[in-house]
Amino acid sequence: MKFILYIIFLIIPIYVIGQNVPRIDILKIRLDSLATSLPGLNNAIDSKITLNEIELGNYITAISNINQINLVVSPELNNYVIRNNFSNINLSQLLLYLCNEYDLTIDILENILTIRPLEENELLQQYKPVVNYYPTIQNIDIDIKNNELYTIFKLITNKTAKNLLFAPGMENLKLTAYIKNTPFDAAMEKLAYANQLNLTVTDDDFYVFEEIKNKVSVSGSGYGSALKKSINFKVLDSTKRLLMVDFKETSIKSIINEISHVLKLNFFIASPLDQAGNITFKTDKIYFDDLLVKIFETRESSNIDKLPNQSNTSSNSASNTSQKSVYTFKKEGDVYYYGTADQLSVRQVELIMLNYRSVNLMSDPELLTETNNIRDNFNTAGQNFRNQLPTGFNNPNVRPQELNNNNLTNHHNNENQRTILDIIPTEVKSNLDFTVDPERNSIYVTGSSAKITAFKSFIKNIDKSIPVIIIEVMIVEAQTSNTLETGVSWGIGNEPVTTQGNLFPTTDLTLGAETINRIISGFSSTSVFNFGKVIPNFYATIKAMETNGDLKIKSTPKLATLNGHKASFSNGQTSYYAIVQRNIIGTDNPQTSEIRNYFPVDAKLGLDIMPYVTGNNQVLLEINVIQSSFGQRIAEDAPPDINSRNFSSIVRMQDQDIAVLGGLEENFTNNSGSGVPFLARIPLIKFLFSQRVREGRKSKLTVFIKPTIIY
């Protein structure tokens, strides 16, 4: 049996050395093998024993005596004090715990066990290195403690397929580091720093480690001396090129070179970046392309005032840079180009298409002052009349009518020339060239990549869906009228009059002389008086009429317009008047020519609404309403009188609220009469000697407006 145990103990060290098994696992195998000959190793520890400031050596001696184990305790173990209480474990498990906790080992000679502290060379040889690599994100875990450099570098190279080199004589250096889930390049930098080594990455991606000749304490500021890397950044995601940066007056040249190298980017430098300047910038998360935009944001030209209270997250201290050498970049595919802004290789042409807005600013369908000013009808007509004069009006070379048409055409042309570029600040457009393509609703931009990126960002912010406002309008006009005519009129005509007229429901009767004589004869036959007869041309008119009217007109137009654009509605009538032009031709035998022209004049009901949608979906409305109607003419060919009512208002309302606009009211009253003096005032008989007319009219206009916002 003893022979078999010796064979096992000889085989176990050879096996564990080959398999690189941890020290505690080796001790466990040995103790498990002895348990057959020393059953006391499997005895449970009495949990009633309370440990309070007991020397470790004395405690192990007492436990071994109780379990009848031949255990020799090194005197050095009395330097340790144990305070733990154990339960539900056996002696073998307790010994393994103490060996692991206090760096102890157990020597075995047949049935005699010796427990002692590990020697220094044994401690250095025991730690198992751990290296894990995650190729998808290129992160690495490193857990090493006093392991040889050659062994660790070989293990890292096998795991990552990245080449690590070291100078001759460094293969036996002891390395210690604990790094968890860190990008590979950053992990190598920290490994070099923690072990006071210099790291240099060659152009062909070899990581070269060298010893520092004059080593400094790790606790000091040795980070800069341990690393040759001159900028501070961290790759958060190499696939998305996401970085964490902390630059302090760092040269742009070194930033581009080192980050491009770490991310393995393709780049072309058209002009050396030595004069590109320095930059100070710190952020926890930024993409590489966005970082380049921030780096190459140039100062505004000297003729553009800088906005007040403007704060920059980055400062470009290119004090040594000539104002003529403005550096920029562009990206084509996976290649980055760097150089000065005037170099063609770094200039970029890009097509920016608008999704929601038009590149040409849309004008209103008609102007408010042109549609609702009644006097313009007369001014236009008078202008047209003067246009026919031989000398023209104001300009003898151009007919004024053509001049008006030209002005109108120029007005529309000017409107068409206004584009969305007119509302973009000058600072955003500086150093860029633009071409507007209305057919594709796009803008062609030429310039540096950084400026184009800033311009695209601004366009993206203003290229939003513009609200459409549906405006439902109800226009109600109520008219009432009343006319009363009463009285009797007497007269003598040029010829005899035949009795005719209406008796019911209105009385408008004309009596001839024959009828009147029969009435007079009737009175004479019943009276002692003889009233005689009237002449044949005599007549009498009797009126007793009353008319009433009640008229209601309702119009319900529905308008739609974009936010900030006017919607118009009008409904009216056109009348004409004549202007006669007489020209005398010749002097010896003058002849007169006459030209008669008819010109229009309008009376209408007009409505103009300008809507604005606020940020909280309220609606501001500028409203202008006009109502006009024709009156009397002073002559047959003269222009008619125009009665007009006009009001303007600005209201604020919620979406789908209803605004009521009223008060456009017109009242007309006429009370007139004529008759024989004195007799027209005598009661009862005054109706035989007078005529009276009482007339009244009332008109009222009310407008209901309901806006609805849609997107």
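**Exercise 1. How many bridges join β6 to strand β7, and do the two strands run parallel or antiparallel?**

Solution. The structure is a predicted model, in which local features need pLDDT of at least 70 and side-chain atom pairs count only at pLDDT 80 or more, while totals for chains, interfaces and linings use all residues. Residues are numbered from 1 along each chain as its sequence is written, and side-chain values use heavy atoms, with hydrogens and water left out.

Step 1. Locate the strands: strands (E, at least two residues) and helices (H or I, at least four) are DSSP runs, numbered from the N terminus. β6 covers 130–134, and β7 covers residues 139–148.

Step 2. Count the bridges: β6 and β7 are joined by 5 and run antiparallel. Two strands pair if DSSP finds at least two bridges between them. In β7, Asp143 stands opposite Val130.

Step 3. Place the pair in its sheet. The order of this open sheet of 3 strands is β6-β7-β9, with antiparallel pairing. β6 and β9 (174–183) are the edge strands, each pairing on one side only. On average, neighbouring strands here are turned by 15° against each other, direction ignored.

Step 4. Add the helices. Helix α6 (residues 149–160) lies across β6, β7 and β9 and runs at about 160° to β7. Helix α7 (residues 184–194) also lies across β6, β7 and β9, running at about 155° to β9. For such angles, axes are lines fitted to C-alpha atoms, for helices over the stretch in contact, and the angles run from 0 to 180 degrees between N-to-C directions. Contact means heavy atoms within 4.5 Å.

**Exercise 2. Find the edge strands of the sheet with the order β8-β11-β10.**

Solution. Step 1. This is an open sheet of 3 strands with mixed pairing.

Step 2. β8 (163–166) and β10 (197–201) each have a single partner strand, so one side of each is left without a neighbour in the sheet. They stand at the edges.

Step 3. Check one pair: β8 and strand β11 (residues 206–211) run parallel and are joined by 4 bridges. Val208 in β11 is the bridge partner of Leu165.

Step 4. Neighbouring strands of the β8-β11-β10 sheet are turned by 25° against each other on average, direction ignored.

**Exercise 3. Describe how helices α9 and α10 pack.**

Solution. Step 1. The axes of α9 (residues 252–263) and α10 (residues 288–295) come within 12 Å and cross at roughly 170°.

Step 2. Classify the angle: under 35 degrees counts as roughly parallel, over 145 as roughly antiparallel, 65 to 115 as roughly perpendicular and the rest as oblique. α9 and α10 are therefore roughly antiparallel to each other.

Step 3. List the contact. α9 contributes Ile252, Ile255, Ile256, Ile259, Ser260 and Leu263, and α10 contributes Phe288, Leu291, Leu292 and Ile295.

Step 4. Sort by class: there are 9 nonpolar, 1 polar and no charged residues. Here Ala, Val, Leu, Ile, Met, Phe, Trp, Tyr, Cys and Pro count as nonpolar, Asp, Glu, Lys and Arg as charged, and the others, Gly among them, as polar.

**Exercise 4. Which element gives the most residues to the largest nonpolar core?**

Solution. Step 1. A nonpolar core is a set of buried Ala, Val, Leu, Ile, Met, Phe, Trp, Tyr and Cys residues joined through side-chain atoms within 4.5 Å. Buried means under 20% relative accessible area, exposed over 50%, and partly exposed in between (1.4 Å probe, protein chains only).

Step 2. The largest core has 28 residues, of which Phe247, Ile259, Phe288, Leu291, Phe296 and Tyr338 touch the most other members.

Step 3. Elements that give two or more residues include α9, α10 and β13 (242–251). α9 gives the most, with 6 residues.

Step 4. Look at one member: leaving out residues up to four places away in sequence, Phe296 touches Ile252, Ile256, Tyr327, Thr328, Phe329, Tyr338 and Ala450.

**Exercise 5. Which side chains of strand β24 are buried, and which are not?**

Solution. Step 1. In a regular strand the side chains alternate between the two faces of the sheet.

Step 2. In β24 (residues 507–511), Thr507, Leu509 and Leu511 point to one face and are buried. Asp508 and Thr510 point to the other face and are not buried.

Step 3. Find the partner: strand β23 (residues 500–502) pairs with β24 in the antiparallel sense over 3 bridges. Gln500 has Thr510 as its bridge partner, and a hairpin through 4 residues joins β23 to β24.
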